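Q: I would like a close look at the sheets of this protein, please. Could you take me through how the strands are ordered and paired, and then through some of the residues and loops around them?

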Amino acid sequence: MKIIHFLFLFVLSVNSYSNQEILTLGFGSCLHQDRSMAILKTIEKKELDLFMFIGDNVYGDQEDGELDKLIRTYKQQYNNLENFLKNVSTEFIWDDHDFGINDGGSNYRYKDRAKELFLETWKIPSNDPRRLRDGLYFDKMIKKNGLKVHLIFLDNRSFKSEWKLTDEFNKEGKERYVKDFDPQKTLLGKKQWQWLKDKLNEDSDIKIILSSLQILSLGHGWESWDKLPLERERLFNLIDESDVSNLFILSGDRHRGGFYRFKTNDNNDIYEFTSSSLNLPIPFNTEEKGPLRIGSTYRKANFGVVRIFEDKVVMELTSNKGKVVNSLSIEIN
């Protein structure tokens, strides 16, 4: 009986270990420097391995594209975040409002100076690849308990071509921009595309692409990868060619949170988790069409938590009070 009891405990302990959480990641976007930062305290309590600010980390853009407001707001936001940065490991990418101009891209005349402000504010090390090349794209490989999680941070601003303006301003589904099939236009630029191809081919157990702009979402006329369909298709083809089986996308920008699913031509499932905003909800936001969306969106302040286990990834859309308002569990290979 003692031997049987020992074996039972052994099996129980193995099963318990196999279900242990290995890595806990958090992310969010759209943090206005003049609004309450209370959500940061909620995030700290989650005891994350890493929190990722994935765009609109300040609101310093101006219509004329000048940088005086951006300079002020970066300084203000760093002061707002100073204690948080001491207590939580963080990474940053940018979007238009911390790039310097609304919906801006490669033709922004101050983009190099805006990049310097970003690097200086978030204290990016002097030997970091972002200081040695154009753009702010980079990657991070996290190895823990035998699991390799590859984080790939995209720069959707430095090389982006101009969007095609809508012909029916504010019409549902065509609010600002429409699809543009011009093969000369790009989101990532030649060098970043080659870099992304190389990174997708690197060995890892899980890959997570972080994009300030939504990639899978359809049905709205705001900024998204869908507005340059050839670039979006190119990404899906790269994923198929790389034979990546466990790939997830984290995105922001939209002042709503939600989940999306897409199946590639080679039957690879891609899941996207959007979280926005950290402290700038838009109360008049209504639900939007979403053929690839799983369930409804959440339009109050929120952040995302990604819990990684040996056999699954659990994504939790979390309110500013720390309550999980929606979640998705995906088995991994």
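A: Happily! This is a predicted model, and a good place to start is the open sheet of six strands, which runs in the order β3-β2-β1-β13-β14-β15 with mixed pairing. Its edges are taken by β3 (90–93) and β15 (324–331); each has a single partner strand, so one side of each is left without a neighbour in the sheet. From one strand to the next, the twist averages 20°.

Let us follow the end of that order that finishes with β15. Strand β13 covers residues 302–309 and strand β14 covers residues 312–319; the two run antiparallel and are joined by seven bridges. To find your place in this pair, look at Gly304, whose bridge partner in β14 is Leu317. On to the next pair: β14 and β15 are also antiparallel, with seven bridges between them. Here a handy marker is Thr318, which stands opposite Val324 in β15. These two strands form a hairpin with four residues between them, and within the turn Gly322 has a positive phi of about 95°.

As a general reminder, strands of a sheet pair through backbone hydrogen bonds, in either the parallel or the antiparallel sense.

Now to the other open sheet. Seven strands make it up, in the order β4-β5-β8-β9-β11-β10-β12, and its pairing is mixed. β4 (138–144) and β12 are the edge strands: each has a single partner strand, so one side of each lacks a neighbour in the sheet. Neighbouring strands are turned against each other by 20° on average, with direction ignored. For an example of parallel pairing, take strand β9 (residues 247–251) and strand β11 (residues 269–274), which are linked by four bridges. Within this pair, Phe248 has Tyr271 of β11 as its bridge partner.

The edge strand β12 deserves a pause. It spans residues 293–298 and includes Thr297. Is Thr297 buried or exposed? With a relative accessible area of 8%, Thr297 is buried, because the cut-off for that class is under 20%. The side chain of Thr297 takes part in polar contacts with two other side chains: one of 3.0 Å with Arg256, and one of 2.8 Å with Glu287.

Leading up to β12 is the loop from β11, and Ser277 has its place there. Look at the peptide bond that joins Ser276 and Ser277: it is cis, with omega about 5°.

Next, the largest pocket. It holds about 600 Å³ of space. Its lining counts 25 residues, and those nearest the centre are Trp222, Arg254, His255, Ile282 and Asn285. By class, the lining of this pocket divides into 13 charged, seven polar and five nonpolar residues.

Several other loops are worth a visit too. In the one between β6 (164–165) and β7 (177–178) you will find Lys171, which counts as partly exposed at 42% relative accessibility. Lys171 and His220 are 49 residues apart in sequence, and their C-alpha atoms are 9.5 Å apart in space.

Gln33 sits in the loop between β1 (21–28) and α2 (38–44). With a relative accessible area of 5%, Gln33 is buried. Its C-alpha atom is separated by 18 Å from that of Glu66, which is 33 residues away along the chain.

Two further loop residues share a backbone feature worth checking on your screen. Asp103, in the loop between α4 (96–99) and α5 (111–121), has a positive phi of about 60° although it is not a glycine. Lys123, in the loop between α5 and β4, also has a positive phi without being a glycine, with a value near 55°. How do the two stand in terms of burial? Asp103 is buried, with a relative accessible area of 19%, whereas Lys123 counts as exposed at 54% relative accessibility. That loop also brings you back to β4, one of the edge strands of the seven-stranded sheet.

Methods. Residues are numbered from 1 along each chain as its sequence is written. This is a predicted model: local features need pLDDT of at least 70, side-chain atom pairs count only at pLDDT 80 or more; totals for chains, interfaces and linings use all residues. Side-chain values use heavy atoms; hydrogens and water are left out. Two strands pair if DSSP finds at least two bridges between them. Axes are lines fitted to C-alpha atoms, for helices over the stretch in contact, and angles run from 0 to 180 degrees between N-to-C directions. On a 1 Å grid over the protein atoms alone, a cavity is a set of points where a 1.4 Å probe fits but cannot get out, and a pocket is an open set with protein on both sides within 12 Å along at least five of seven lines; lining residues have an atom within 4 Å of a point. Grid points are joined across faces, edges and corners, and a volume is the space filled by probe spheres set on the points. Ala, Val, Leu, Ile, Met, Phe, Trp, Tyr, Cys and Pro count as nonpolar, Asp, Glu, Lys and Arg as charged, and the others, Gly among them, as polar. Buried means under 20% relative accessible area, exposed over 50%, partly exposed in between (1.4 Å probe, protein chains only). A polar contact is a pair of N or O atoms within 3.5 Å; within protein, one must be able to donate a hydrogen and the other to accept it, and residues adjacent in sequence count only if both atoms are side-chain atoms.
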